[in-house]
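Q: Please take a close look at the enclosed spaces inside this structure. Start with the cavities, then move on to whatever else stands out.

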Amino acid sequence: MFVTDIRKEFYEVVANQRVALLVASDIDALCGCKIIQALFHFDQVQYTLVPVMGWQDLGTAFLEHRDQFRYFVLINCGANVDLLEMLQPEDDCIFFICDTHRPVDVVNVYNDTQIKLLIKQDDDLGVPSYDDIFQDEEDEEEAGDDSGNESGDGSEPSGKRRRFDEGAVERRIERQREKREWEARRREILFEYEQYEYHGTSTAMMFFELAWLLSKDTKDMLWWAIIGLTDQWVHDKVTHMKYITDIATMQRHVSRHNHRNEDEENSLSVDCMRISFEYDLRLTLYQHWSLYESICNSCYTSCHFKLWTLNGQKKLQEFLADMGLPLRQVRQKFTSMDMSIKENLREVIEESSNKYGMKDIRIQTFGVHFGFKNRFLASDMVHATIALLESTENDENETDNFIKALDSLSRSNLDSLHSGMDLAKKKLIAIQQTVASCICTNLILSQGPFLYCYLMEGTPDVKLFSKPMALTLLSKYLLKAFIQSTRNKRCRLLPLIMAAPKDVEKGTVLVVGIPPESETSDKKNFFGRAFEKAAESTSSRTLHDHFDTCLIELKTEDRSKFLDALITLLS
Amino acid sequence: MDPSEVEFLAEKELVKIVPNFNLDKLYLIGGDLGPFNAGLPLDVPVWLALNLKQRQKCRIVPPDWMDVEKLEEIRELERKAAAFTPVPSPYYMELTKLLLNHASDNIPKADEIRTLVKDIWDTRIAKLRLSADSFVSQQEAHAKLDNLTLMEINTIRGFLLGSLNCMYKLRSNLQPGSSKGQYGDF
């Protein structure tokens, strides 16, 4: 059931108990986790933090902790599946789920006792009404009564009995027909409801609102909420409209926090954190890199200029010349560029990019500033943290990466943040090179109802793409680049399925499906159900372990029959 | 004595806070802490103030002496006088560090205050070094120093005592047969 008063029904219940926090591994979940950890520290609540990578991890974690805990808080996992059936908990176990995955499973919505959803109900959920899906027990009792009546009427004269019999039989047939119709309608409603997968309001924002209701919100929590929201935008999980609306909400909180005494007489220490609204450029990590590298490796600019072609490189040089930026300045680190160039950089770039057809080079976002040299944009932090979370260097295990990424979000761990940024730069360069090679060697094939691309094992940096978020980012960039480079109009409206080797010893590939790219796309993904059905029909060996159902693991040998099944399913 | 021990003793000083919760009187071994009423200021020890601040339960009001003009006056006096001038608080250095690290958003002009307190500290330590130097070179028997804080004494104690002991040993070895030197023990 949905929680209406998050303070009374959630926080005050868990504040005196020991709680288990099961956190999924994406940045939004990490930010939500940081916020709720801070709240627990303020009120000295005992908790255990368990990172979970997929459904199997969730099950194992639950089994380990079911004896010691009665209250479980699930962050960014668990809403889109029937949790009680999957975990089989005791009757007094209570689950608080704060998840962005939609659609929320109907059992979770209508369970009154054990599942509490920390989700806002006006979030365009479209949950079918109770009567449409769940049948009351009364209808079955009526059928029982009637048959009881029939036998009871046995003493009546035969003529009347026949009439009663016919009446009873007709009623029964009528009821059975109604039941069949109702069931068919129910199947249809459920199919429509669960067909498309999408994302709702950021978890970090939900927890920040809880902190605000408790009047315990700090600037650190506000910053984490902003990072959670930006993660949804960077990984293309929400529509542009929703992002802008949420930015407006956050802007109100930012102005409220900045309203405190910042006049001449009472200036704040420079070490205090200052969050500001920025209408900044869409160039990834440009303030921590050189401007030239950033333009080459950001999806937006690279796709518009088509930087994988020679023509594109020339256009880039023209663009830089048009703005009057000397190459020497542009290629060195941003912090060492001349002040005269840096002053009006945003406006200059916006003007020039309008001429080259890039209308949205600026995006509304937030930046933070603390100490003398630490300035970060929200998207910088997202890239750095996701690079740490999914780092494939040094064979670290996933829990260590999780803890490192979680630590890098605190203000006191700036070295891990900087190392995350270096990893992010490497990842972005790898993505651009892979995109360029895929397009130049025509690795993207049109299979009819969708586009398909497979990364061979020998491709450079293919190890980076064995991680879900990195592969998703690569496929989104690839689709955008493909749309720019192809002449076939029909292909531009197709979704993309991307496969990359995940584990060489076990012989599995990671497959992701993303919806087609369009201006007004609502980011709803139907590949989850499609993958399930295709796997069933061909009995391929698949593992649907990830919380996003559009990502699965598949045995390499079963790849071709799986694809054939998908083609027949979707055409 | 370790500097952290001195800081621990400094945490007993009282500082004014404005809590945002209500609680009845607390009866602790060290004394009573008055009833907490949201929005009304009261005095509590620094250790409790910092704990409450970290839990977002109060706002710390900077002590009266932690003000830019007053500290500038003290700094000027310190620079002009040859001896040590009276300090605003016997634990001024520790309190500055603790309050500015944890509650700098409640203290206006925190950066300038940090610089001023550091200037005052530097001047006093320089005077202390000079006086220790003259003490040793003129082979005095005892010295009287007013207005020194525990932290400053602690800074020089280890070095001064150790070196005086060394010098005593060296001098007593130069005169074999004499059981005591002319210098007092500390």
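A: Searching the whole structure turns up five cavities of 30 Å³ or more. Keep in mind that this is a predicted model. The largest cavity has a volume of about 260 Å³. Its lining is made of 21 residues. Nearest the centre of the largest cavity lie A:H235, A:D236, A:K476, A:P515 and A:N525. Three elements of chain A give two or more residues each to this lining: strand 7 (198–199), helix 21 (468–485) and strand 14 (508–514). Helix 21 of chain A supplies the largest share, four residues.

Next, the cysteines. Over all chains, the structure holds zero disulfides. Take A:C438, which is in no disulfide. The nearest cysteine sulfur belongs to A:C453 and is 4.0 Å away. A disulfide needs the two sulfur atoms within 2.5 Å, so this pair does not count as one. A:C438 is buried, with a relative accessible area of 2%. B:C58 is in no disulfide either. For B:C58, the nearest cysteine sulfur is that of A:C272, 15 Å away. B:C58 also counts as buried, at 8% relative accessibility.

Last, the surface. B:M1, B:F8 and B:L9 make a nonpolar surface patch of about 320 Å². One of these residues, B:L9, lies in helix 1 (residues 3–10) of chain B. B:L9 has a relative accessible area of 30%, so it is classed as partly exposed, between the 20% limit for buried and the 50% limit for exposed.

Terms used. Residues are numbered from 1 along each chain as its sequence is written. Chains are lettered from A and ligands numbered from 1 in the order in which they are written. This is a predicted model: local features need pLDDT of at least 70, side-chain atom pairs count only at pLDDT 80 or more; totals for chains, interfaces and linings use all residues. Side-chain values use heavy atoms; hydrogens and water are left out. Buried means under 20% relative accessible area, exposed over 50%, partly exposed in between (1.4 Å probe, protein chains only). Patches are made of residues with over 30% relative accessible area and no salt bridge: like charges are joined within 9 Å, nonpolar side chains (Val, Leu, Ile, Met, Phe, Trp, Tyr) within 5 Å. Accessible areas come from the Shrake-Rupley method with a 1.4 Å probe; for residues, only the protein chains shown count as cover. A salt bridge is a side-chain nitrogen of Lys or Arg within 4 Å of a carboxyl oxygen of Asp or Glu. On a 1 Å grid over the protein atoms alone, a cavity is a set of points where a 1.4 Å probe fits but cannot get out, and a pocket is an open set with protein on both sides within 12 Å along at least five of seven lines; lining residues have an atom within 4 Å of a point. Grid points are joined across faces, edges and corners, and a volume is the space filled by probe spheres set on the points.
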